[in-house]
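Please open the model in your viewer and keep the sequence panel beside it, since each stop on this tour begins with a selection.

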Amino acid sequence: MEILFGEPRSISGKKLELANKIKKISEEIEREYKIKVVFWDEWETTKLAKKHKKNIHAISASYLLQDYLDFLYNKKKSEKE
């Protein structure tokens, strides 16, 4: 089982201060619940979600999750080849 966290970065790719707070929370989750935490770059997700003008956080999260699932699918597919 895994839990996915968006990793906030600036346009230049530098981790934002919020990333440190998220890291601390993720460590508590891993320790307390024994669940693997995965970080995924969320930079493009907010940009894409803003096109919808409503529910930006939910839409951004769905883009983040879809990007991660696509990565896993492609990784598994390439391992079979």
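The tour goes from the whole chain to a salt bridge, a pocket, a loop and a surface patch.

This is a predicted model, in which local features need pLDDT of at least 70 and side-chain atom pairs count only at pLDDT 80 or more, while totals for chains, interfaces and linings use all residues. Residues are numbered from 1 along each chain as its sequence is written, and side-chain values use heavy atoms, with hydrogens and water left out.

**The whole chain**

Begin with the protein chain in cartoon view, where you should find 3 helices and 2 strands, arranged along the sequence in the pattern β-α-β-α-α. Helices here are DSSP runs of H or I with at least four residues, strands are runs of E with at least two, and both are numbered from the N terminus. Along the principal axes, the C-alpha atoms fill a box of roughly 35 × 35 × 25 Å. Of the 81 residues in the chain, 21% are buried, where buried means under 20% relative accessible area, exposed means over 50%, and partly exposed lies in between, with a 1.4 Å probe and protein chains only.

**Between the strands**

Next, select Lys36 and Glu2, which form a salt bridge whose closest N and O atoms are 3.6 Å apart. Because Lys36 lies in strand β2 (residues 36-41) and Glu2 in strand β1 (residues 2-7), the pair ties together parts that are 34 residues apart in sequence. The rule applied asks for a side-chain nitrogen of Lys or Arg within 4 Å of a carboxyl oxygen of Asp or Glu, and by this rule the count comes to 1 salt bridge. Both partners are partly exposed, Lys36 with a relative accessible area of 48% and Glu2 with 39%.

**The largest pocket**

Now select Pro8, Arg9, Leu16, Leu18, Glu42, Trp43, Thr46, Lys47 and Lys50, which line the largest pocket. A pocket is an open set of points on a 1 Å grid over the protein atoms alone, where a 1.4 Å probe fits, with protein on both sides within 12 Å along at least five of seven lines, and lining residues have an atom within 4 Å of a point. The volume of this pocket is about 150 Å³, taken as the space filled by probe spheres set on the points, which are joined across faces, edges and corners. Helix α2 (residues 43-49) supplies the largest share of the lining, 3 residues.

**The loop between α2 and α3**

Move on to Lys53, which lies in the loop between α2 and α3 and has a positive phi of about 65° although it is not a glycine. Asn55 is in the loop between α2 and α3 as well, and this residue, also not a glycine, has a positive phi of about 55°. For context, most residues other than glycine have a negative phi. Lys53 is exposed at 68% relative accessibility, and Asn55 is exposed with a relative accessible area of 59%.

**Helix α3**

Finally, select Leu72 in helix α3 (residues 56-80), which is partly exposed with a relative accessible area of 33%. Adding Leu65, Leu69 and Phe71 to Leu72 shows a nonpolar surface patch of about 320 Å²; such patches join nonpolar side chains (Val, Leu, Ile, Met, Phe, Trp, Tyr) within 5 Å, from residues with over 30% relative accessible area and no salt bridge. As a last distance to display, the C-alpha atoms of Leu72 and Ala58, 14 residues apart along the chain, are separated by 21 Å.

Key:
Patch = residues over 30% accessible without salt bridge, like charges linked within 9 Å, V, L, I, M, F, W, Y side chains within 5 Å. Areas by Shrake-Rupley, 256 points an atom, 1.4 Å probe, with all protein chains shown as cover.
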